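Please look over the chain shown below before reading on. The briefing that follows takes its salt bridges, its surface, its helices and its backbone in turn.

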Amino acid sequence: MPIQVPRHLRLVPRVAASLLAVALVQPALAHAEPIAPPVRAHAAARAGDYVVDIEAPKDLREVLRRGLDVERWRGFADLREEQLRSLVEGVPAQARSVLEALGYFSPRVEVSLDTTQRPQRVVLRVDPGEPSRVVAVRLRVLGPDGHPVPSLQARLLHDWSLGQGSVFDSGSWQAAKRNALLRLSTRRYAAAHIVGSRALVDPTRHAVRLSVDFETGPDFRFGPLSVQGLQRYPESVVRNLAPWSQGDPYSQEQLLDLQANLQNSRYFRSATVGAPLSGSHGDVLPVDVNVAEQRAQRLGFGLGYSSNTRARTQVDYGNLNLFGSALRLNSSVKVETLQQSLEAQLRFPRRRDGASYGIDAQVLHSDIQGLTTRSQSLGLQRRRTDGPIETVQSLKFINEQEQLTGGPVSSNMALMPGYTWTRRRLDSSLDPTRGNLLSAQISGGTRALLSQQNFVRLYVHALQFVPLGPKNQLILRGELGQVLSPSANGIPQQELFRAGGIGSVRGYPYQSLGVMEDGAVVGGRALFTAGIDAVHWVLPRWGAALFVDAGNAADSFRGLHPVLGYGVGVRWRSPVGLVSINLAHGRAIASTRIEFNAGVSF
């Protein structure tokens with residue numbers, strides 16, 4: 001007895017063939033060069049020039065044009081009349097194939113050739129009809145044991161991009177399957193694959209039912225880690241940067257984290273991390289790491305200028321393998337017009353628990369707004385990074401001598417335990433265009449332990465980048481600080497607050513906002529600043545900005561009166577970071593300043 005196939009399902013083979021034809025043929029049509037049939041000019045009439053008019057909805061015209069042979073051959077000088085007619089006869093089938101790939105399975109297509117005009121006209125009239133929409137989605141995931149895994153099925157269905165009510169088209173269909181497979185293969189199931197997929201189309205009801213079958217393959221776990229390319233550093237430098245332990249569930253994201261950690265560690269010029277399936281043993285997936293080491297020592301020189309501290313000359317020396325034990329030394333001598341410093345930082349390799357330790361030392365001299373300070377500091381740090389979150393536990397000792405213009409020298413001293421929490425979610429550390437940064441700090445000292453004053457210092461800083469289309473962005477900034485203490489006496493100036501200048505309230509000289517004392521500006525116990533920049537990028541690397549700032553520093557919030565600064569500026573995305581030139585007006589002092597910030601190291 002013959003099998004009767006329902007009428008609306010008879011179209012399924014044709015639809016599948018159409019989707020495949022468009023997926024395979026369209027790229028070829030977009031890039032293929034016409035192959036001219038051999039003709040002799042005196043043997044047959046030439047078609048001459050012709051135009052192709054497509055009467056269709058605007059969003060379909062270009063994709064139809066790219067899928068038509070008659071369009072691709074247009075302008076071929078030796079095309080004969082009979083060849084043109086043959087091309088025209090093929091237009092309806094090609095147009096339907098293109099439309100079916102876009103979800104239009106019941107189009108009306110008409111084509112005509114008008115040879116009475118010069119140039120001749122090929123007219124394609126298309127009424128695409130109603131697009132077909134997804135009415136049902138079935139996803140089945142078979143686990144390592146061959147049985148369905150409902151939790152994985154639910155997770156994939158929740159993230160499925162071509163859901164019910166969506167217009168069906170071949171590009172979205174392929175993308176949905178690809179994304180679902182990535183969600184399996186990048187976590188635990190590196191060998192996951194699709195074993196079958198179907199798109200059942202009912203053109204009379206404009207409905208499509210989707211089904212996909214996945215197999216996860218083994219539930220992989222991380223195996224041993226092998227390292228190639230090390231010459232001067234121990235393997236522990238690499239192993240301690242891995243965010244997993246052997247035997248943990250496989251995750252491609254953690255492989256990428258290791259690669260990022262290696263590249264950010266400064267030990268390596270390049271690093272690649274992989275876990276090829278060909279090396280697996282059952283459900284164990286070994287990891288291969290290849291690195292190229294940086295030179296151990298580096299000497300750098302820098303020149304720069306900022307309207308804050310004016311001209312700058314800098315010499316840097318770094319050693320990535322001090323004493324042959326992977327200790328990192330970074331040191332610098334910086335001479336600026338208003339401030340000079342000598343700094344040294346010693347960083348130990350990261351430990352297996354993800355923490356890294358460091359020692360900082362600094363000698364600083366500054367002469368700003370009538371206040372001269374000389375300070376010596378020594379600090380210990382424990383730093384840990386977990387994704388976008390960085391935490392720092394610290395212990396810092398500061399010994400400081402300060403002198404107001406023409407006055408006596410006084411000393412301040414403090415031993416301060418501290419904690420800093422920072423979250424960075426920026427698309428670029430060098431030139432961010434979107435994202436935010438939030439940082440909060442707490443530190444303090446007590447007279448009972450090497451401090452001249454009892455105090456607690458609180459500080460919060462926030463930065464937000466808001467893109468407004470491809471050429472515009474807003475930059476929002478704010479900071480809030482307070483020192484809780486009986487008075488400011490005995491607290492080092494580094495731990496008090498002053499405002500003004502680039503990065504603070506523009507239009508006012510650097511650190512000119514604070515507490516007035518004997519004609520000099522000294523630090524206060526309260527701080528508030530906020531700013532907004534509106535930037536329009538006229539060219540990819542050049543932009544214009546409008547900005548407004550407000551804020552001040554004082555000995556208390558009750559006595560803090562924010563002042564206003566505003567202006568215009570030019571922005572340049574240089575190879576070493578953002579360069580800014582501002583014409584800034586400080587309303588409270590009725591003064592306009594040119595502020596410039598740029599620097600280059602070589």
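Which residue's side chain meets that of Arg 198 in a salt bridge? In this predicted model, the partner of Arg 198 is Asp 213, with an N to O distance of 3.6 Å. This pair links distant parts of the chain, since Arg 198 belongs to strand S5 and Asp 213 to strand S6, 15 residues apart. The two partners are covered to unlike degrees: Arg 198 is partly exposed, with a relative accessible area of 36%, whereas Asp 213, at 10% relative accessibility, counts as buried.

**Other salt bridges**

- A search of the whole structure finds 29 salt bridges, and the pair of Arg 198 and Asp 213 described above meets in a salt bridge too.
- Asp 159 forms a salt bridge with Arg 183, and the closest N and O atoms of the two are 3.3 Å apart; this pair also links distant parts of the chain, with Asp 159 in helix H6 and Arg 183 in helix H7, 24 residues apart.
- Both of these side chains belong to residues that are partly exposed, Asp 159 having a relative accessibility of 32% and Arg 183 a relative accessible area of 39%.
- Glu 71 and Arg 65 meet through their side chains in a salt bridge of 3.2 Å, taken from N to O; Glu 71 is buried, because its relative accessible area of 14% lies under the 20% limit for that class, while Arg 65, at 23% relative accessibility, counts as partly exposed.
- A network of salt bridges links Arg 477, Arg 506, Asp 533, Asp 549 and Arg 571.

**The nonpolar surface patch**

- A nonpolar patch of about 920 Å² lies on the surface, and the residues that make it are Val 538, Leu 539, Trp 542, Leu 546, Val 568, Val 570, Trp 572, Ile 581, Leu 583 and Ile 594.
- Three strands each supply at least two residues of this patch, namely S24 (542–554), S25 (563–574) and S26 (577–586), and of these S25 gives the most, with three residues.
- Trp 572, one of the patch residues, is found in strand S25 and counts as partly exposed, with a relative accessibility of 31%.
- Strand S24 also holds Ala 553, which, at 2% relative accessibility, counts as buried.
- The C-alpha atom of Ala 553 is separated by 70 Å from that of Glu 71, and the two residues are 482 residues apart along the chain.

**Helices**

- Helix H6 (residues 150–159) and helix H7 (residues 170–185) have axes that come within 10 Å and cross at roughly 135 degrees, and the two helices are therefore oblique to each other.
- The crossing of H6 and H7 is right-handed, and the salt bridge between Asp 159 and Arg 183 joins one residue of H6 to one residue of H7.
- Helix H5 (residues 91–101) is mostly covered, as eight of its 11 residues are buried; the buried residues are Val 91, Pro 92, Gln 94, Ala 95, Val 98, Leu 99, Glu 100 and Ala 101.
- Just after H5, the backbone at Gly 103 takes a positive phi of about 100 degrees.

**Backbone points to check**

- As background to the points below, most residues other than glycine have a negative phi, and most peptide bonds are trans.
- Arg 118 and Pro 119 are joined by a cis peptide bond, with an omega of about 5 degrees, and Pro 119 has its place in the loop between strand S2 (108–114) and strand S3 (120–127).
- His 206 has a positive phi, near 55 degrees, although this residue is not a glycine; His 206 lies in the loop between strand S5 (193–202) and strand S6 (207–215), the two strands that hold Arg 198 and Asp 213.
- Asp 518, likewise not a glycine, has a positive phi of about 55 degrees, and its place is in the loop between strand S21 (515–517) and strand S22 (520–522).
- Asp 518 counts as exposed, because its relative accessibility is 66% and the class of exposed residues covers values over 50%.

Technical notes
Residues numbered from 1 in each chain as written. Predicted model: local features only at pLDDT ≥ 70, side-chain atom pairs only at ≥ 80, totals over all residues. Heavy atoms only, no water. Patch = residues over 30% accessible without salt bridge, like charges linked within 9 Å, V, L, I, M, F, W, Y side chains within 5 Å. Areas by Shrake-Rupley, 256 points an atom, 1.4 Å probe, with all protein chains shown as cover. Salt bridge = Lys/Arg side-chain N within 4 Å of Asp/Glu carboxyl O. Helix = DSSP H or I, 4+ residues; strand = E, 2+ residues; numbered from the N terminus. Buried < 20%, exposed > 50% of the residue type's maximum accessible area, 1.4 Å probe, protein only. Axes fitted to C-alpha atoms, helices over the stretch in contact; angles between N-to-C directions. Parallel < 35°, antiparallel > 145°, perpendicular 65-115°, else oblique. Left-handed = near helix turned anticlockwise from the far one by under 90°.
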